[in-house]
Amino acid sequence: NDLTYNAINHASGILISNVKNSKISKNAISINASGTITGLGLGLGSEKVTIEQNKIVNLHSTGDSVTGISCLSGQITELIIQNNFIGNISGVGNLYGIYSNIPSSFPSSNFKIYHNTIKLEDTLDIPSNIISSAIRISQNINDLDIRNNIFNNQLFNSSQSGINSKHYSIYSKATMNQFSHLNNNVYSVSGNQGVLGFINNV
C-alpha cells in the first residue's frame, strides 16, 4: 500500500484515511487554489504509516488556510513523518507546515517526526490577524517523539489590520508530559510577530 513518485498539482493534494502498513514517499506536491489547501492529509483510523522524502512546495491559496502535512482526524497510531521538505506556503488564513488536528473523541499516539525541513518565508498582506507555525501539535496525542528537525518560520503580515498576527516555530497544545523526546531541533523566527515557541503549561 505505497504511494510514491507522483507529481501532484491539483487542489486536493493527497488525502487518505483508514490505511495500514503504508508508505507515502518521494512525491512532489504543488497547489494553487482558491479554498483551503492541504498538501498531504492523513485521516481517521490510519496505523503504521510512514510519510517520507516528499517535497511539498508552492502551496498558494487566494481564499483560505494552507497546510503542508496534516493529520486531519484521530485514531492514528504509529505514524512516522521523516525527511520531508515543506516550503513556500502562502494564503489568507492560518498557515502550517505540519499540523496535527486531533479531536478529543479520537485520541492518537506514537507520532515520530524526524529530520524534516520546514521553511515558511514570505511577506503577507492579509487584512486580519492570523496564526502560522512551522509545526502545530494538538493536545490529544501521546508519545510524541520530535527530533532533528528544522522549524523555520520567517512569515510576516504587513497589513495594518493584521499587525497582531503571530508566527511560531513550534506551537503545541500538548504538554511536555506527552513528549517522549523533543530534542535537537532548530527553531527560527524573525520580527516582532515571530514567537519562537509555545508548549502548553510551560
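Is Lys 23 buried, partly exposed or exposed? In this predicted model, Lys 23 is partly exposed, and its relative accessible area is 33%. That value lies between the limits of 20% and 50%, so the residue falls in the intermediate class.

Lys 23 takes part in a salt bridge. Its side chain meets that of Glu 52, with an N to O distance of 3.5 Å. The pair connects distant parts of the chain, as Lys 23 sits in strand S4 and Glu 52 in strand S7, 29 residues apart. Glu 52 is buried, at a relative accessible area of 10%. This places Glu 52 under the 20% cut-off for burial.

Three salt bridges occur in the structure. Side chains of opposite charge can pair when their charged atoms come close. Another of the bridges joins Glu 47 to Lys 20, and here the closest N and O atoms are 3.5 Å apart. Distant parts of the chain are again linked: Glu 47 belongs to strand S7 (residues 47–52) and Lys 20 to strand S4 (residues 20–25), with these positions 27 residues apart in numbering. Glu 47 is partly exposed, with a relative accessible area of 28%. Lys 20 also counts as partly exposed, at 42% relative accessibility.

The remaining bridge involves Asp 145 and Arg 147. Their side chains meet at 2.7 Å, N to O. Asp 145 is buried, with a relative accessible area of 3%. Arg 147 has 25% relative accessibility and counts as partly exposed. The 20% limit therefore separates the two partners, with Asp 145 under it and Arg 147 in the intermediate class.

Polar contacts were examined at Asn 152. This residue lies in strand S18, which spans residues 150–153. Asn 152 is buried, with a relative accessible area of 11%. The side chain of Asn 152 makes a polar contact of 2.6 Å with the side chain of Gln 154. A polar contact of 3.5 Å joins the side chain of Asn 152 to that of Glu 121. Glu 121 also appears among the residues that Asn 152 touches beyond four places in sequence. The others in that set are Ile 118, Lys 119, Leu 120, Ala 134 and Ser 188.

Key
Residues numbered from 1 in each chain as written. Predicted model: local features only at pLDDT ≥ 70, side-chain atom pairs only at ≥ 80, totals over all residues. Heavy atoms only, no water. Helix = DSSP H or I, 4+ residues; strand = E, 2+ residues; numbered from the N terminus. Buried < 20%, exposed > 50% of the residue type's maximum accessible area, 1.4 Å probe, protein only. Polar contact = N/O pair within 3.5 Å; in protein donor to acceptor, adjacent residues only side chain to side chain. Contact = heavy atoms within 4.5 Å. Salt bridge = Lys/Arg side-chain N within 4 Å of Asp/Glu carboxyl O.
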